[in-house]
Each structure stands twice: as C-alpha cells, then as structure tokens.
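Work through the exercises below with the sequence and the model at hand. Each task is followed by its solution.

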Amino acid sequence: MQNLIAKRAAQELKSGSVVNLGIGIPTLVANHIADGDIFFHTENGLLGVTDVNEADIDPNIVNAGKLPVGEAIGASYFNSAESFAMIRGQHVDVAILGVLQVDAKGLIANWAVPRKNIMGVGGAMDLLTGAKKIIVTMSHTSKDGTSKILKECTYPITSTRSVNLIITELAVFEVRNGELYCIEIMPNSTIEEIREKTEAPFNEDCHNNGGQTR
C-alpha cells in the first residue's frame, strides 16, 4: 500500500525539481524516480539526498527522520539556518508530507496528537509556507478504520495554507479553491469505497485509470 502511494506521488515530480520528503511514506518516493534530475532536500542540511547501501552507512549522514541516507554526486551541505532560508525563500519546488489528518479545505494536521508525546513540529510549518507545491501521502483511514479525511481536523492544524494534492491508497484528491476534488481512483478501489471511507465532502471529477496520471 505504501509503495503504491509513493509511486503515484513520484509521477508528480518534474525534471529539475528540488523536492523535500517528509517522514514515513514520503521517504519511499525516491525509490520510484527514474529521472536523475530530481534533487532531494532534507531540512537538516543536505541537498542531493540519495539511498545508501547498508555497508556504506555513515551514522552522521541522516535525513530529518534520523534515517541513514547517501550523497548524490554534486550534493551540498549547509547548516539548518541556510536550509530553512531555502524553504522560506521558496527554493523548494515540492514538499511531500505525511499527515495525521486532512480536512475538507485541504488543511492538514501532522505534528501533534492531544495528550500524546509524539512527533513534534519539525519543518512542516515552514514547508507549508515556503514550498511551491504541497503533496500529501497518507493512508485513507486510521488503524480502527475511521476516515483521516475529515470535515474538520480534530488535531492541531499545521498551517492555514491548504495543500495541493492528497494521495491515498484509494484515491487522489486535488484541492481547488478550498474544496476537495477526487480526480483519480486508485487500483483496486471504487468510488463507492471512497465515498464510504471519506468523511469530508468532495466533488467527483475522477475516473478509474489503474493508477496512471490523469
């Protein structure tokens, strides 16, 4: 399921883009990139993130999620202040984020669960402000089967900026003028299942195309 979502997200990336990958499903997106001209950015200070063989892991070279990464040819390092200046200066073309919830207007919650000590703010607030395009990759429902695409987030929202695209194992939604549009039905899903498992209202502008870009 996670790789299905990551593969679909990878189709949104254009040659020459600077892309920030969040924790979780977003980290899998790099595995589905054939184009060598995508430049992956991590806010803890590396542009040119690539995968790394287990034998070559350097414990000092990790992404923002503390996972080991490699350096692409031509990669560059910088301190956190410069990294966030890149984000705030709109030099990141696409940010792909994992989230806990998303609402009917495309607002997300991804940094806190009330009364639980998890995660933290990280760079998501800055990415939502500075990245040119925001893609969300997430499971459609929580472990108990409840929808994660809600009329209104019950967790603290991350930013007042709406995301651009939401990709789950069931569907792809586009946010247009504060409304959700289902633009694609993912493989082995149906519009009936999407309606059943989506609490938020959405417009239907979709077709079942086996997971290919619309």
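**Exercise 1.** Decide whether N188 is buried or exposed, then state where N188 lies and what is notable about its phi.

Solution. The model is a predicted one.
- Step 1: the relative accessibility of N188 is 81%. The cut-off for exposed is over 50%, so N188 counts as exposed.
- Step 2: N188 sits in the loop that runs between strand 12 (179–185) and helix 4 (191–197).
- Step 3: most residues other than glycine have a negative phi. N188 is not a glycine, yet its phi is positive, at about 65 degrees.

**Exercise 2.** Carry out the same steps for K66.

Solution.
- Step 1: K66 has 65% relative accessibility and counts as exposed.
- Step 2: the loop between strand 3 (46–50) and strand 4 (70–77) contains K66.
- Step 3: K66 is not a glycine either, and its phi is positive, about 70 degrees.

**Exercise 3.** How many disulfides does the structure hold? Examine C182 and C206 in turn.

Solution.
- Step 1: the structure holds 0 disulfides.
- Step 2: for C182, the nearest cysteine sulfur belongs to C206 and is 3.5 Å away. A disulfide needs the two sulfur atoms within 2.5 Å, so C182 is in no disulfide.
- Step 3: from the side of C206, the nearest cysteine sulfur is that of C182, 3.5 Å away, and C206 is in no disulfide.
- Step 4: C182 is buried, with a relative accessible area of 0%, whereas C206 is partly exposed at 23%.

Key. Residues are numbered from 1 along each chain as its sequence is written. This is a predicted model: local features need pLDDT of at least 70, side-chain atom pairs count only at pLDDT 80 or more; totals for chains, interfaces and linings use all residues. Side-chain values use heavy atoms; hydrogens and water are left out. Buried means under 20% relative accessible area, exposed over 50%, partly exposed in between (1.4 Å probe, protein chains only). Helices (H or I, at least four residues) and strands (E, at least two) are DSSP runs, numbered from the N terminus.
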